[in-house]
Amino acid sequence: MKTIKDLNNNSYRLIVEKAVRGDRDAIEKIINDHKEYLYKTAFLYIKNEQEAVEICQETVYKAVINIHKLKNPDYFKTWITRILINNVNDRNRNNGRTINNLEKLESIEDISYEKLEDKIDLYNAIDILEDKFKTPIILQYFYDMTIKEIADITETNENTVKTYIRRGKEKLYKILMEGN
């Protein structure tokens with residue numbers, strides 16, 4: 001089955017434009033096409049399946065209610081990612097805790113057992129990072145987003161994103177070296 005991600009940019013843009021105008025089928029298509037991405041992103045932050053699902057549901061609800069406010073259809077993924085990250089931050093503020101929660105670490109991808117310990121160490125190290133470093137690191141290295149896309153999502157300038165990524169990588173290196 002062809003997803004809307006498989007369409008060319010003009011076709012994708014047309015579907016998003018229909019969604020912005022209130023076409024329920026178009027809204028359903030774009031949401032369904034992004035739900036796995038939303039879940040994985042929420043899980044990277046929360047490390048709890050149920051909470052990640054709840055954050056995704058809240059994100060989808062807010063996106064559907066506010067889709068008419070999307071100014072540029074080319075930035076749908078950026079827009080919905082910003083909603084998701086805001087929901088994660090709101091959840092953590094309301095629960096009186098930081099994102100540094102690693103009660104359960106379940107794989108979000110297939111991993112081999114010999115690499116499991118390294119991945120757990122990396123996830124733990126990412127959890128320790130401040131949000132300003134964590135978000136750019138996750139978006140760039142887990143989702144291959146460009147500096148510009150990350151700057152749009154985090155509403156910071158591109159040079160600041162580059163600095164956060166560089167400093168975040170330095171902090172990750174120190175954290176991982178201390179563990180050895």
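I'm counting two residues as in contact when they have heavy atoms within 4.5 Å. I'm also keeping in mind that this is a predicted model.

**Entry 1: Ile147**

I started with Ile147, which lies in helix 7. Which residues does Ile147 touch, not counting those up to four places away in sequence? I found Gln140, Glu158, Val161, Lys162 and Ile165. Is Ile147 buried or exposed? Its relative accessibility is 19%, and buried means under 20%, so Ile147 counts as buried. I also looked up Thr160: it is 13 residues from Ile147 in sequence, and the two C-alpha atoms are 9.6 Å apart in space.

**Entry 2: helix 7 against helix 8**

Next I went from the single residue to its helix. Two packed helices are described by the angle between their axes and the distance between the axes, so I looked up both. Helix 7 covers residues 147-154 and helix 8 covers residues 158-178. They pack at an angle of about 100°, and their axes are 9 Å apart. Angles of 65 to 115 degrees count as roughly perpendicular, so helix 7 is roughly perpendicular to helix 8. On the helix 7 side, I listed Ile147, Lys148, Ile150, Ala151 and Thr154 as making the contact. On the helix 8 side, I listed Glu158, Val161, Lys162 and Ile165. Sorted by class, this contact has five nonpolar, one polar and three charged residues.

I then picked Lys162 from helix 8. Its relative accessibility is 45%, so Lys162 counts as partly exposed. Lys162 and Ile137 are 25 residues apart in sequence, yet 10.0 Å apart in space, C-alpha to C-alpha.

**Entry 3: two loop residues with positive phi**

Most residues other than glycine have a negative phi. I wanted to note residues that go the other way. Asp144 has a positive phi, near 50°. Where is Asp144? I found it in the loop between helix 6 and helix 7. It counts as exposed because its relative accessibility is 66%.

Glu155 also went on my list, with a positive phi near 55°. This residue is found in the loop between helix 7 and helix 8. With a relative accessible area of 60%, Glu155 is exposed.

**Entry 4: helix 6**

I moved back along the chain to helix 6, residues 131-141. How many of its eleven residues are buried? I got eight, so I wrote down "mostly covered", with the cut-off for buried at under 20% relative accessible area. The buried ones are Phe133, Lys134, Thr135, Pro136, Ile137, Ile138, Leu139 and Gln140. A lysine is on that list, Lys134.

**Entry 5: Asp127**

Another charged residue caught my eye, Asp127 in helix 5, which spans residues 113-128. Asp127 counts as buried because its relative accessibility is 3%. What does the side chain of Asp127 make a polar contact with? I found the side chain of Lys47, at 3.2 Å.

**Entry 6: helices 1, 2 and 3**

Then I looked at the start of the chain. Helix 1, residues 9-20, packs on helix 2 at an angle of about 120°, with the axes 7 Å apart. Helix 1 and helix 2 are therefore oblique to each other. Their crossing is left-handed. From helix 1, the contact uses Tyr12, Ile15, Val16, Lys18 and Ala19. From helix 2, it uses Ala26, Ile27, Ile30 and His34. The class count is seven nonpolar, one polar and one charged.

Helix 2 (residues 24-46) also meets helix 3 (residues 49-66): their axes come within 8 Å and cross at roughly 140°. That angle makes helix 2 oblique to helix 3. This crossing is right-handed. Among the helix 2 residues in the contact are Ile27, Leu38 and Phe43. Helix 3 brings residues including Val53, Cys56 and Val60. Here I noted 14 nonpolar, one polar and two charged residues.

**Entry 7: the whole chain**

Last, I zoomed out. How many helices and strands are there in the chain? I got eight helices and zero strands. Buried residues make up 38% of the 180 residues. I also checked contacts between residues at least 6 apart in sequence: 65% of them join residues at least 24 apart.

Definitions and conventions
Residues are numbered from 1 along each chain as its sequence is written. This is a predicted model: local features need pLDDT of at least 70, side-chain atom pairs count only at pLDDT 80 or more; totals for chains, interfaces and linings use all residues. Side-chain values use heavy atoms; hydrogens and water are left out. Axes are lines fitted to C-alpha atoms, for helices over the stretch in contact, and angles run from 0 to 180 degrees between N-to-C directions. Helices (H or I, at least four residues) and strands (E, at least two) are DSSP runs, numbered from the N terminus. Angles under 35 degrees count as roughly parallel, over 145 as roughly antiparallel, 65 to 115 as roughly perpendicular and the rest as oblique. Ala, Val, Leu, Ile, Met, Phe, Trp, Tyr, Cys and Pro count as nonpolar, Asp, Glu, Lys and Arg as charged, and the others, Gly among them, as polar. Buried means under 20% relative accessible area, exposed over 50%, partly exposed in between (1.4 Å probe, protein chains only). A polar contact is a pair of N or O atoms within 3.5 Å; within protein, one must be able to donate a hydrogen and the other to accept it, and residues adjacent in sequence count only if both atoms are side-chain atoms. A crossing is left-handed if the near helix is turned anticlockwise from the far one by less than a right angle, and right-handed if clockwise.
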